There are 2 protein chains.
Amino acid sequence: PDKAKAKVIRVAKSIKTLGQDDPRRIIHSLKVGLALTLVSLVYYLRPLYDGFGVAGMWAVLTVVVIFEFTVGGTLSKGLNRGFATLLACALGLGAQHLACLFGNKGQPIVLGILVFLLAAASTFSRFFPRIKARYDYGVLIFILTFSLVSVSGYRVEELLVMAHQRLSTILVGGATCIVVSICICPVWAGENLHNLVASNVEKLASYLEGFGGEYFQSHEGSNSDKSFLQGYKNVLDSKPTEDTMANLATWEPGHGRFGFRHPWKQYLKIGALSRQCAYQIETLNGYINSDIQAPIEFRCKIQEPCTQISAECGKALKSLALAIKTMTVPSSANFHVENCKTAVKALKIVLKAVSPEHDEDLLGIMPALTVASILFQIVICVEKISETVHELST
Amino acid sequence: PDKAKAKVIRVAKSIKTLGQDDPRRIIHSLKVGLALTLVSLVYYLRPLYDGFGVAGMWAVLTVVVIFEFTVGGTLSKGLNRGFATLLACALGLGAQHLACLFGNKGQPIVLGILVFLLAAASTFSRFFPRIKARYDYGVLIFILTFSLVSVSGYRVEELLVMAHQRLSTILVGGATCIVVSICICPVWAGENLHNLVASNVEKLASYLEGFGGEYFQSHEGSNSDKSFLQGYKNVLDSKPTEDTMANLATWEPGHGRFGFRHPWKQYLKIGALSRQCAYQIETLNGYINSDIQAPIEFRCKIQEPCTQISAECGKALKSLALAIKTMTVPSSANFHVENCKTAVKALKIVLKAVSPEHDEDLLGIMPALTVASILFQIVICVEKISETVHELST
């Protein structure tokens, strides 16, 4: 009993965090419930056509399968479903007509061959990356409807009535979904992408802002909050989410600050560069707690320029993230990027000067030198990100 | 006309490459066509129950939606669909029974509330990562069937007949899919994962084997094939594919060399370490064509141990990849890992010795030192991969 109680409490807690992390999840669930109840009740209370069983069913089915978390997802599935059904109905009727010409014995054979060919060809087309990304669901519905229509064995007149019923119910279901999805607290894939890319840049910024202090005083203040050192790890795996969001965003109409043909691909470029930067940071992070630490004198010499580079990179990225969020020109970023470059030059001068005088061995100063070298690479990355954000803002 | 012709040729070529890259795609398409034709014809030729329209439709629908590329995918969708339908039918009947108690006026209200609550709760449950990964499709079908049954307005006796029909047709459709999927050239998700992980390790190995030659003679032989320098980039983004495959693999029965409870999670560990190594390589790769090259004398000094480390790491990874593929104990990998460590020691000695005598400035030798330093990190990574592969092989 105690174990069961603990488990219930644990599940309840995880439900609560899930809702708190993103309250839109709760709203989405309620929206699905609402759309489904609406459609169900309309068909329950007014048995159109020949009762609920056959036609109204398709409205419920449509709502359940096409209602997605984002508006783009719902629209993409809805449009795919609608057009695929139309096309497949037409082709299915044609297939039946063709098969009729072969007499009673030939008909099933011809139909079988047609279903086989179209199903195989359509299934193969789903392996094309472009079709997979945008029309996967449409192709599925196409295969489904084509087989249903062509093998149904109804006469053409019956089929036309059926197709009319089915299309109108799908339309009702689809329209309900789209209206509920857009009108009640809409979740836009485009806006999600926008925020995701900005927050990813911000995560990199937090790391770089904190890196200097963390690396050069690695044994002090170890009790403080170090979550900023972990944030960048999410950026490493952000590619699939960004790709999906960018794809769904192209299905969405203009909304808020985003026009219909907002340059979503530009966000993917920024995302790719952010990941590039995150890879560098991942390598950099390996040196924060490394066993071999450079001798203290050498570290002191490079401490100031290194901290400067890292902090200015962080500030540049912060202002770039802000510029993405507010869709303004990132003017202050240029200033910080210039500061970065100045700091890089300063560090280079230090490094040129330091060698001949001291007899520290290279092995000892290697980790610190590597950190400096990777910071140089990060500056290049930050510059590229800055350029891409500038392109986006114009 | 010329443009159209060129386009047709281009499409035809891309179809050909798609098929050549993975002939299993063609076979899969034919399998889907076959399963669909079989089910369609059975229902076309023998109009069981009340004709094809209502019940047989579900068999066709089931085949189209649950037939996936891998056996694991088909099984997971099939089982999800089966169990969800059963559960939802039972609950739907219960809901109708409950609603009946409230009289003619109360019935639609109670049903509406029940549909709303269950749909909202189920939709919310899909946000749990665990449910999302394994039971997403089941929850969808659950919402669908529950709404259909509870709002259908049929009497219980009618419903039982309908439920019986529907379940038996789903069973026929599902069984056809599973039989075709397993018996004709099966594509196992587990085997895919196995091969993917091994080939990823191999890609890292190819890079490291070639790195030494590439870095230290960067201006010679630039015409030769350098595709081995790009392979590791696929590893960077391999996480989602690996996660999906590992998830589907748990649905599969034992097959070939893999038992029912094969430790698929171990592959994910190897995959994560491979990505870790790929991140390091990504940073390393930035130095191959960097503008600042270390002075030639210094490079000569570290050339041999660096090339040694990189080549031995590559050999170790190659033999680990082979061991994963053949499911044997990677005995020769140990030998190469030991060689790596020896080379690391040799390089450390060189680095300790080199400093005081020469007056090269630190800035000049920084890139070469960074390469050495990252190679040290890669050796640590390779050791970890070796350990994990050993765990897998025992």
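## Close-up views of a predicted two-chain model

B:M327 is partly exposed, with a relative accessible area of 30%. This residue, like every other one described in these legends, is seen in a predicted model.

**View 1. B:M327, a loop residue with a positive phi.** The view centres on the loop that runs between helix 12 (296-326) and helix 13 (331-354) of chain B, where B:M327 is placed. The phi angle of B:M327 is near 55°, and this positive value occurs in a residue other than glycine. With a relative accessible area of 30%, B:M327 counts as partly exposed in this loop.

**View 2. Chain A as a whole, for orientation.** Chain A holds 14 helices and zero strands, and its pattern, read along the sequence, is α-α-α-α-α-α-α-α-α-α-α-α-α-α. The radius of gyration of chain A is 30 Å, whereas the globule rule gives 21 Å for 394 residues, and because the first value is well over the second, the chain is more spread out than a compact globule. Measured out along its principal axes, the C-alpha trace of chain A spans about 100 × 55 × 45 Å. Of the 394 residues in chain A, 54% count as buried, and among its contacts between residues at least 6 apart in sequence, 82% join residues at least 24 apart. The accessible surface of chain A comes to about 17800 Å², and carbon and sulfur atoms account for 63% of that surface. Chain A carries 38 positive and 31 negative charges, and the mean positions of these two groups are 11 Å apart.

**View 3. A:C185, a cysteine in the loop between helix 7 and helix 8.** A:C185 is found in the loop that links helix 7 to helix 8 of chain A, and although A:C185 is not a glycine, its phi is positive, at about 40°. The residue is partly exposed, with a relative accessible area of 45%. Which cysteine sulfur is closest to the sulfur of A:C185? That sulfur belongs to A:C183, and because it is 11 Å away from the sulfur of A:C185, the pair is too far apart for a bond; a disulfide would need two cysteine sulfur atoms within 2.5 Å.

**View 4. B:C300 and the count of disulfides.** In chain B, the cysteine sulfur closest to that of B:C300 is in B:C306, and at 12 Å the two are too far apart for a bond. Over all chains, the count of disulfides comes to zero.

**View 5. A:W188, a buried tryptophan in a loop.** A:W188 has its place in the loop between helix 7 (156-183) and helix 8 (189-216) of chain A. Is A:W188 buried or exposed? With a relative accessible area of 12%, A:W188 is buried, since the term covers residues under 20%. When residues up to four places away in sequence are left aside, A:W188 touches A:V71, A:I182, A:E252, A:P253 and A:H255. The C-alpha atoms of A:W188 and A:L248 are separated by 8.9 Å, although these residues stand 60 residues apart along the chain.

**View 6. A:G174, a buried glycine in helix 7.** A:G174 lies within helix 7 of chain A, where it is buried with a relative accessible area of 10%. Leaving out residues up to four places away in sequence, A:G174 touches A:T62 and A:I66. A:K13 stands 161 residues away from A:G174 along the chain, and the C-alpha atoms of these two residues are separated by 35 Å.

**View 7. A:Q377, a residue of helix 14 that touches both chains.** A:Q377 is part of helix 14 (residues 362-393) of chain A, and its relative accessible area of 17% places it among the buried residues. Which residues does A:Q377 touch, not counting residues up to four places away in sequence? They are A:Q280 in chain A, together with B:G286 and B:Y287 in chain B.

**View 8. B:N247, a buried residue of helix 10.** B:N247 belongs to helix 10 (residues 239-249) of chain B, and with a relative accessible area of 16% it is buried. Not counting residues up to four places away in sequence, B:N247 touches B:A133 and B:R134. B:N247 and B:L193, which are 54 residues apart in sequence, are 10.0 Å apart in space from C-alpha to C-alpha.

How values were computed:
Residues numbered from 1 in each chain as written. Chains lettered and ligands numbered in written order. Predicted model: local features only at pLDDT ≥ 70, side-chain atom pairs only at ≥ 80, totals over all residues. Heavy atoms only, no water. Helix = DSSP H or I, 4+ residues; strand = E, 2+ residues; numbered from the N terminus. Rg over C-alpha atoms; globule rule 2.2 N^0.38 Å. Buried < 20%, exposed > 50% of the residue type's maximum accessible area, 1.4 Å probe, protein only. Contact = heavy atoms within 4.5 Å. Areas by Shrake-Rupley, 256 points an atom, 1.4 Å probe, with all protein chains shown as cover. Lys, Arg positive; Asp, Glu negative; His and termini not counted. Charge placed at Lys NZ, Arg CZ, Asp CG, Glu CD.
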